[in-house]
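New to this one? Here's a quick briefing to read alongside the structure, grouped by topic.

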Amino acid sequence: MRPVIPYVTAALLFGLGVYGVLRRRNAVLVLMAVELMLNAVNLILVTADTTVRAALPHSGQVFALFVIVLAAAEIGVGLAIVLQLYRLRASVTVDDVPLTEAPAVVAADRGEGEK
């Protein structure tokens with residue numbers, strides 16, 4: 001097997017994922033672009049496992065399995081964050097997400113609570 005074809009395919013997938021993360025404004029599409037990058041890494045791990053003689057047999061496939069588990073956990077947490085963002089802001093646009101918010105002033109700190 002020629003390992004050049006899977007490596008080039010993985011590089012194209014990874015590049016497409018990076019482009020999607022940098023250019024997309026929708027949070028769901030950003031998560032899909034991250035999944036593309038993780039799938040490119042899986043393709044590289046499995047290809048390297050079949051072409052390179054390692055000290056541990058099938059180690060690339062085991063690492064690919066760990067990446068799949070990590071991707072599933074990332075999608076679960078990411079979709080929960082996106083749903084909460086949609087409930088609060090009615091939009092999943094990444095540009096509208098405030099990274100810092102002013103702390104809420106408690107009524108007791110202003111002196112209005114005591115009369």
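Let's start with one residue: Asp49 is buried, with a relative accessible area of 15%. Asp49 is found in helix H2, and leaving aside residues up to four places away in sequence, Asp49 touches His58, Ser59, Gly60 and Gln61. Keep in mind that this is a predicted model.

**The chain as a whole**

- The protein chain's secondary structure comes to four helices and zero strands, so from the N terminus on you'll read the elements as α-α-α-α.
- The protein chain has 115 residues, and buried ones make up 20% of them.
- About 8,800 Å² of the protein chain is exposed, with carbon and sulfur atoms supplying 67% of that area.
- Look at contacts in the protein chain with a separation of 6 or more, and residues 24 or more positions apart account for 57% of them.

**Helix H2**

- Helix H2 covers residues 27–51.
- With 25 residues, H2 reaches 37 Å from its first C-alpha to its last, which is close to the 36 Å expected at 1.5 Å a residue.
- Which residues of H2 are buried? They are Ala27, Val30, Leu31, Ala33, Glu35, Met37, Leu38, Ala40, Asn42, Thr47 and Asp49.
- Those buried residues of H2 pack against helix H1 (4–23) and H3.

**Helix H3**

- Helix H3 takes in residues 59–89.
- H3 has 31 residues and spans 44 Å from first C-alpha to last, close to the 45 Å expected at 1.5 Å a residue.
- The buried residues in H3 include Gly60, Ala64, Val67 and Ala71, and also Gly78, Val82 and Leu85.
- A general point helps when you look down a helix: an α-helix has 3.6 residues a turn, so residues three or four places apart point the same way.
- What do the buried residues of H3 pack against? They pack against H2.
- Just after H3 comes Ala90, which takes a positive phi of about 60°.

**How H2 and H3 sit together**

- H2 and H3 pack at an angle of about 175°, and their axes are 8 Å apart.
- Angles over 145 degrees count as roughly antiparallel, and H2 and H3 are therefore roughly antiparallel to each other.
- The residues in the contact of H2 with H3 split into 15 nonpolar, five polar and three charged.

**Two more H2 residues to find**

- Leu45 lies in helix H2, and it counts as partly exposed because its relative accessibility is 22%, while buried means under 20%.
- Not counting residues up to four places away in sequence, Leu45 touches Gly60, Phe63, Ala64 and Val67.
- Leu45 and Gly60 are 15 residues apart in sequence, and their C-alpha atoms are 4.8 Å apart in space.
- Asn39 lies in helix H2 too; is Asn39 buried or partly exposed? At 41% relative accessibility, Asn39 counts as partly exposed.
- The C-alpha atoms of Asn39 and Ala71 are separated by 9.0 Å, with the two residues 32 apart along the chain.
- Ala71, for its part, is one of the buried residues of H3.

Terms used
Residues numbered from 1 in each chain as written. Predicted model: local features only at pLDDT ≥ 70, side-chain atom pairs only at ≥ 80, totals over all residues. Heavy atoms only, no water. Axes fitted to C-alpha atoms, helices over the stretch in contact; angles between N-to-C directions. Parallel < 35°, antiparallel > 145°, perpendicular 65-115°, else oblique. Nonpolar A, V, L, I, M, F, W, Y, C, P; charged D, E, K, R; others polar. Buried < 20%, exposed > 50% of the residue type's maximum accessible area, 1.4 Å probe, protein only. Contact = heavy atoms within 4.5 Å. Areas by Shrake-Rupley, 256 points an atom, 1.4 Å probe, with all protein chains shown as cover. Expected span 1.5 Å × (residues − 1).
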